[in-house]
Amino acid sequence: MAGRGGVSLLSNLGLTELIAHSDEDYVRIVTTLARDLPRLAALRASLRGRMGASALMNGEQFGRHMGDAYRQMWRVDSIAHHNYKKNL
């Protein structure tokens with residue numbers, strides 16, 4: 001089964017069809033790829049371009065998204081802390 005890192009990479013590369021949600025999915029996906037050598041070759045040939053065009057390689061966008069995520073975590077924590085103190 002895909003871990004969060006694998007899901008993130010595959011999603012950013014536009015390869016969500018390769019995300020396995022179970023051991024059976026994983027076996028099915030890799031077996032299908034292994035039997036389809038032209039598709040596997042095309043996939044391999046496209047990876048560098050996919051990575052270069054992905055949000056993973058856009059530092060400015062990544063920084064904005066990371067900042068947004070930190071602000072959201074801070075808000076959630078602030079609300080939780082406020083509610084905790086209110087209930088003491």
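The exercises below work through a predicted model, each with a task and a stepwise solution.

**Exercise 1. Fold and overall dimensions**

Task: Establish how many helices and strands the protein has, and what its radius of gyration is beside that of a compact globule of 88 residues.

Solution. Begin with the secondary structure, which comes to four helices and zero strands, so that the order along the sequence reads α-α-α-α, each run being assigned by DSSP. Turn next to the dimensions: the radius of gyration of the protein is 19 Å, whereas a compact globule of 88 residues would have one near 12 Å. The box filled by the C-alpha atoms, taken along the principal axes, is roughly 65 × 35 × 10 Å. A single pair adds to this picture, since Lys85 lies in helix α4 and is exposed because its relative accessibility of 54% is over the 50% limit. The C-alpha atoms of Lys85 and Leu18 are separated by 46 Å, and the two residues are 67 positions apart along the chain.

**Exercise 2. Burial, contacts and surface**

Task: Find what share of the 88 residues is buried, and what share of the exposed area carbon and sulfur atoms supply.

Solution. Of the 88 residues, 15% count as buried, a class that requires under 20% relative accessible area. The exposed area of the protein is about 7,100 Å², and carbon and sulfur atoms supply 59% of it. For the contacts, take those with a separation of 6 or more: residues 24 or more positions apart account for 32% of them.

**Exercise 3. The nonpolar core**

Task: Identify which residues make up the largest nonpolar core, and which elements give two or more residues to it.

Solution. The largest nonpolar core has ten residues, namely Leu10, Leu13, Leu15, Leu18, Ile19, Ala20, Ile29, Leu33, Leu40 and Leu43. The elements that contribute two or more residues to this core are α2, spanning 23-35, and α3, spanning 37-53. As a next step, follow one member outward: once the neighbours within four places in sequence are set aside, Leu10 is in contact with Leu15, Thr16, Leu18 and Ile19. Of these partners, Leu15, Leu18 and Ile19 are listed in the core as well.

**Exercise 4. A serine in a loop**

Task: Decide whether Ser54 is buried or exposed, and which residues it contacts beyond its neighbours within four places in sequence.

Solution. First locate Ser54, which is found in the loop between α3 and α4. Its relative accessible area is 6%, and Ser54 is therefore buried, the limit being under 20%. With the neighbours within four places in sequence left aside, Ser54 is in contact with Asn12 and Leu13, and Leu13 is itself one of the core residues.

**Exercise 5. Salt bridges**

Task: Determine how many salt bridges a search of the whole structure finds, and where the partners Arg39 and Glu17 lie in the chain.

Solution. The search finds four salt bridges, three of which are followed here, among them the one between Arg39 and Glu17, whose closest N and O atoms are 3.8 Å apart. This pair links distant parts of the chain, with Arg39 in helix α3 and Glu17 in the loop between α1 (4-12) and α2, 22 residues apart. Arg39 is partly exposed at a relative accessible area of 35%, and Glu17 is likewise partly exposed at 43%.

Now consider helix α4, in which Arg64 and Glu60 are four residues apart and thus separated by about one helical turn. Their side chains meet in a salt bridge at 3.2 Å, N to O; Arg64 is partly exposed, at 44%, while Glu60 counts as exposed, at 61%. Asp68 and Arg71, three residues apart in helix α4, are also separated by about one helical turn, and the closest N and O atoms of their salt bridge are 2.6 Å apart. Both are partly exposed, Asp68 with a relative accessible area of 41% and Arg71 with 44%.

**Exercise 6. A nonpolar surface patch**

Task: Identify which residues form a nonpolar patch on the surface, and in which helix Phe62 is placed.

Solution. The patch is formed by Phe62, Met66, Tyr70 and Met73, which together have about 420 Å² of accessible area. Phe62 is placed in helix α4, residues 59-86. The relative accessible area of Phe62 is 47%, so that Phe62 is partly exposed, a value that satisfies the requirement of over 30% for patch residues.

Terms used. Residues are numbered from 1 along each chain as its sequence is written. This is a predicted model: local features need pLDDT of at least 70, side-chain atom pairs count only at pLDDT 80 or more; totals for chains, interfaces and linings use all residues. Side-chain values use heavy atoms; hydrogens and water are left out. A nonpolar core is a set of buried Ala, Val, Leu, Ile, Met, Phe, Trp, Tyr and Cys residues joined through side-chain atoms within 4.5 Å. Buried means under 20% relative accessible area, exposed over 50%, partly exposed in between (1.4 Å probe, protein chains only). Contact means heavy atoms within 4.5 Å. Patches are made of residues with over 30% relative accessible area and no salt bridge: like charges are joined within 9 Å, nonpolar side chains (Val, Leu, Ile, Met, Phe, Trp, Tyr) within 5 Å. Accessible areas come from the Shrake-Rupley method with a 1.4 Å probe; for residues, only the protein chains shown count as cover. The radius of gyration is taken over C-alpha atoms; the globule rule is 2.2 Å times the number of residues to the power 0.38.
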